[in-house]
Amino acid sequence: MIQLAALGYAVVSIAFLLLVGLLLTSWRGKRLGGVLIAACLVSAAWAAIMAVQTATLAVNPLILYIAEIGRLFAWCGFLVYLAASIGVVRWLRWFCVGLGVAGVLAGPAVLVAAVRFGMTVNITQVLIAFGLALSLCGLLLIEQLYRNTSLSSRWAIKALAVGLGGLFAYELFYYSQAVLFGALDAVTWAARGWVNVFFVPAIAIAAPVSYTHLTLPTKIVWWGGG
């Protein structure tokens, strides 16, 4: 089971690297495309670290923490930039960016506090808290992007909603389980690599169209709006 799980993460890493290569061949130098490429590179690095951790159980906890939070923050950052390009969800954008920065800094801060002041805060519990929060932010950003894209352009974002929506939904399930049971579930961890393999094609399909065909609707729509 461990070898199969490690293989799943390795396949995800390779898939994201292939997607980066595909994106680079068609990149026109626009900033949004660069943000997407960066998010894919972070995901490839995350999957490689997870593969090594699953196979050897030898990766430093801080590296694992930064990989996990950095990957979620990278995709939230891409969605924030995409949302900014059509001029919506300003307060949510700033909230997600602030949460992501806090999440990245919290892990090292906890370890420093443990060494210098003898605090007993578990870095895994910090990971669970920020992982859950960033997963929710990602789903909220996708919902607002879809809701505030004009009807004529909504077709272009469907693949993105499937790919990144599925990614964040699985992370929400993963970290929600951890909150309920007080620990990260080994089976969900092992399956996560293979589950993520299915999200990469959807992101690849969305890449050529979603970021050039989005237009602002006639009014901004929030939750519960028409």
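This report describes the helices, the aromatic rings and a few single residues of one predicted model.

## The chain as a whole

The protein chain contains eight helices and zero strands, and when it is read along the sequence its pattern is α-α-α-α-α-α-α-α. Of the 226 residues in the protein chain, 47% are buried. The accessible surface of the chain comes to about 10900 Å², and 73% of that surface belongs to carbon and sulfur atoms. If one takes the contacts between residues at least 6 apart in sequence, 79% of them join residues that are at least 24 apart.

## How two helices pack

Two packed helices are described by the angle between their axes and the distance between the axes. Helix H1, which covers residues 2–26, packs against helix H7, which covers residues 186–197, at an angle of about 30° and with the axes 8 Å apart. The crossing of H1 and H7 is left-handed. On the side of H1 the contact is made by Leu4, Ala5, Leu7, Gly8, Tyr9, Val11 and Val12, while H7 contributes Trp189, Ala190, Arg192, Gly193, Trp194, Asn196 and Val197.

Several of these residues return in the sections below, among them Tyr9, Trp189, Arg192 and Asn196.

## Aromatic rings

A pair of aromatic rings is described by the distance of the centres and the angle of the planes. The structure holds six aromatic pairs. In one of them, the rings of Trp75 and Phe78 have their centres 6.0 Å apart and their planes at 85°, and because an angle over 60 degrees counts as edge-to-face, this pair is edge-to-face. Both Trp75 and Phe78 lie in helix H3 (residues 61–85), where they are three residues apart, about one turn of the helix. Trp75 and Phe78 are both buried.

Tyr170 and Phe173 form another aromatic pair, with 6.1 Å from centre to centre and 55° between the planes, and this pair is tilted. Tyr170 and Phe173 both lie in helix H6 (residues 158–181), and they too are three residues apart, about one turn of the helix. How do the two residues stand with respect to burial: is Tyr170 buried or exposed? Tyr170 has a relative accessibility of 13% and therefore counts as buried, whereas Phe173 is partly exposed, with a relative accessible area of 44%.

Tyr9, Trp46 and Trp189 form one aromatic cluster. Trp189 also has a charged partner, for the charged end of Arg192 sits over the ring of Trp189, 5.5 Å from its centre. Arg192 lies over the face of Tyr174 as well, at 4.3 Å from the ring centre.

## Single residues and their surroundings

The table gives the relative accessible area of four residues.

| Residue | Relative accessible area | Class |
|---|---|---|
| Arg93 | 13% | buried |
| Asn196 | 2% | buried |
| Leu57 | 66% | exposed |
| Ala202 | 12% | buried |

Asn196 is found in helix H7, and with a relative accessibility of 2% it counts as buried, because buried means under 20%. Which residues does Asn196 touch, not counting residues up to four places away in sequence? Asn196 touches Val12, Trp46, Arg71, Leu167 and Glu171. Of these, Val12 is one of the H1 residues in the contact between H1 and H7, and Trp46 is a member of the aromatic cluster. The C-alpha atoms of Asn196 and Leu164 are separated by 9.8 Å, although the two residues are 32 residues apart along the chain.

Leu164 also serves as a reference point for Ala202, which lies in helix H8 (residues 199–210). Ala202 and Leu164 are 38 residues apart in sequence and 8.2 Å apart in space, from C-alpha to C-alpha. Not counting residues up to four places away in sequence, Ala202 touches Ala159, Val162 and Gly163.

Arg93 has its place in helix H4 (residues 90–117). The C-alpha atoms of Arg93 and Tyr81 are separated by 8.3 Å, and the two residues are twelve residues apart along the chain.

Leu57 lies in the loop between helix H2 (31–56) and H3. The phi angle of Leu57 is near 55°, which is a positive value in a residue other than glycine. Leu57 is exposed, with a relative accessible area of 66%.

Note on methods. Residues are numbered from 1 along each chain as its sequence is written. This is a predicted model: local features need pLDDT of at least 70, side-chain atom pairs count only at pLDDT 80 or more; totals for chains, interfaces and linings use all residues. Side-chain values use heavy atoms; hydrogens and water are left out. Rings of Phe, Tyr and Trp (its six-membered ring) pair if their centres lie within 6.5 Å; planes under 30 degrees apart count as stacked, over 60 as edge-to-face and the rest as tilted. Helices (H or I, at least four residues) and strands (E, at least two) are DSSP runs, numbered from the N terminus. Buried means under 20% relative accessible area, exposed over 50%, partly exposed in between (1.4 Å probe, protein chains only). A charge sits over a ring if NZ of Lys or CZ of Arg is within 6 Å of the ring centre and within 35 degrees of the ring normal. Contact means heavy atoms within 4.5 Å. Accessible areas come from the Shrake-Rupley method with a 1.4 Å probe; for residues, only the protein chains shown count as cover. Axes are lines fitted to C-alpha atoms, for helices over the stretch in contact, and angles run from 0 to 180 degrees between N-to-C directions. A crossing is left-handed if the near helix is turned anticlockwise from the far one by less than a right angle, and right-handed if clockwise.
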